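This briefing is meant to be read with the sequence and the model side by side. It begins with a single residue and then moves outward to the chain, its sheets and its disulfides.

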Amino acid sequence: DYAALPTAVNITWSSINFKTILQWQPKPSGYFYTVEIHGRTSDIKKKCILTTETECDVTDALKDVKETYVAHILSVMPAGMDNFEEPPYALSEKFTPYSQTVIGKPEIKNYTQKGSKLNVVIKDPLTPYTFPNGSFQSIRDIFQHDLEYKLYYWKDQSSGKKDTTTKSNTFEVSVESTKNYCFYVQGFVPSHRENRNGQTSMVQCTTGERGIFDEYGAEVFIIIAVIAIAVITLAIVLPVILCKRKKARAVREKEPLNGV
């Protein structure tokens with residue numbers, strides 16, 4: 001009897017870079033689930049037909065990413081049983097992939113610190129959707145100019161963090177040429193009503209050999225300069241003093257002894 005079948009509860013959408021999984025409870029016993037994806041203007045798509053799982057990858061049913069969808073999770077009897085009743089179902093919340101998917105970890109493609117400029121290049125995360133030639137679309141291909149990136153950066157071994165944003169995939173920020181810097185990036189779409197900020201990338205640090213000046217700063221440089229000047233001065237003055245003393249000794253040796 002269909003009426004006695006439990007219906008799904010705790011239905012959630014989980015979506016990262018447009019890969020979207022529908023999850024629910026409870027585990028079925030003696031019945032199955034079938035997922036139907038209903039769009040406002042698109043045909044109904046059936047997914048995970050007669051499954052005993054409590055999750056379903058619905059990515060390929062949501063290809064129109066700006067469409068708003070609702071999932072019907074049907075509780076159905078085993079196939080072959082004669083039952084003409086409409087199966088009971090549970091409704092999910094509405095879901096719009098474009099505005100609700102989470103932006104996954106961006107990859108830092110490369111970075112350089114030359115002089116007082118730190119340059120960082122970001123690689124866009126890929127989505128499960130493909131172009132006609134079979135290559136995967138990136139989140140930039142879908143979001144276009146809506147996608148922005150934020151760079152968080154700080155001096156190595158320091159807690160003072162700065163950030164800056166770009167609408168492109170590259171950053172160029174002014175830094176102290178004598179310091180190493182650490183940084184990470186994060187994608188975000190300002191128009192998102194939820195999940196606006198994406199996951200953060202791995203932290204990277206520049207590793208230039210910046211020497212003793214980098215570690216101890218201007219004080220050491222001044223001390224070294226003073227020592228260098230002292231050494232140079234001594235190198236000039238000492239031979240002059242020695243030379244004068246030598247001449248003086250020679251003069252004394254030539255003078256006749258008193259009283260002779």
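In this predicted model, threonine 166 counts as buried, because its relative accessibility is 13% and the cut-off for burial is under 20%. Threonine 166 belongs to strand β13, which covers residues 161–166, and the points below take up its surroundings before turning to the rest of the chain.

**Surroundings of threonine 166**

- The side chain of threonine 166 makes a polar contact with the backbone oxygen of threonine 170, at a distance of 3.4 Å.
- When neighbours within four places in sequence are left aside, the residues in contact with threonine 166 are Glu148, Tyr149 and Phe171.

**The chain as a whole and its confidence**

- The chain contains four helices and 17 strands, and of its 260 residues 38% are buried.
- Among contacts in the chain with a separation of 6 or more, 60% are between residues that lie 24 or more positions apart.
- The mean pLDDT of the chain is 87, and 87% of the residues reach a score of at least 70.
- Confidence is highest in strand β2 (residues 19–25), with a mean of 98, and lowest in helix α3 (residues 211–216), where the mean is 48.
- Where pLDDT is low, the predicted coordinates should not be read in detail.

**The four-strand sheet**

- Four strands, in the order β4-β3-β6-β7, make up an open sheet with antiparallel pairing.
- The edges of this sheet are β4 (45–51) and β7 (89–91), and because each has a single partner strand, one side of each is left without a neighbour in the sheet.
- From one strand to the next in the β4-β3-β6-β7 sheet, the twist averages 15°.
- Strand β6 (residues 69–76) and β7 run antiparallel and are joined by three bridges, with histidine 72 standing opposite leucine 91 in β7.

**The three-strand sheet**

- A further open sheet, of three strands, has the order β8-β9-β14, and its pairing is also antiparallel.
- Here β8 (107–114) and β14 (170–174) are the edge strands, each with a single partner, so one side of each has no neighbour in the sheet.
- The twist in the β8-β9-β14 sheet averages 15° from one strand to the next.
- Seven bridges connect β8 with strand β9 (residues 117–123) in the antiparallel sense, and asparagine 110 has valine 121 in β9 as its bridge partner.

**Strand β2 and its partners**

- Strand β1 (residues 9–16) runs antiparallel to β2 and is joined to it by six bridges, and within this pairing serine 15 has threonine 20 in β2 as its bridge partner.
- The two strands β1 and β2 form a hairpin with two residues between them, and asparagine 17 in the turn has a positive phi of about 50°.
- Strand β2 also pairs with strand β5 (residues 55–57), in the antiparallel sense and over three bridges, where the bridge partner of glutamine 23 is glutamate 55 in β5.

**Disulfides**

- The structure has two disulfides, and with bonded cysteines counted along the chain they follow the pattern 1-2, 3-4.
- One disulfide links cysteine 48 and cysteine 56, with an S to S distance of 2.0 Å, and it is right-handed because the torsion about the S-S bond is about 95°.
- Of this pair, cysteine 48 counts as partly exposed because its relative accessibility is 26%, whereas cysteine 56, at 1% relative accessibility, counts as buried.
- Another disulfide links cysteine 182 and cysteine 205, with an S to S distance of 2.0 Å, and this link is right-handed, with 105° about the S-S bond.
- Since cysteine 182 lies in strand β15 (residues 181–188) and cysteine 205 in strand β17 (residues 204–205), the pair ties together parts that are 23 residues apart in sequence.
- Cysteine 182 has a relative accessibility of 3% and therefore counts as buried, whereas cysteine 205, at 27% relative accessibility, counts as partly exposed.

Technical notes:
Residues are numbered from 1 along each chain as its sequence is written. This is a predicted model: local features need pLDDT of at least 70, side-chain atom pairs count only at pLDDT 80 or more; totals for chains, interfaces and linings use all residues. Side-chain values use heavy atoms; hydrogens and water are left out. pLDDT is the predictor's confidence in each residue, from 0 to 100. A disulfide is a pair of cysteine sulfur atoms within 2.5 Å. Buried means under 20% relative accessible area, exposed over 50%, partly exposed in between (1.4 Å probe, protein chains only). Two strands pair if DSSP finds at least two bridges between them. Axes are lines fitted to C-alpha atoms, for helices over the stretch in contact, and angles run from 0 to 180 degrees between N-to-C directions. A polar contact is a pair of N or O atoms within 3.5 Å; within protein, one must be able to donate a hydrogen and the other to accept it, and residues adjacent in sequence count only if both atoms are side-chain atoms. Contact means heavy atoms within 4.5 Å.
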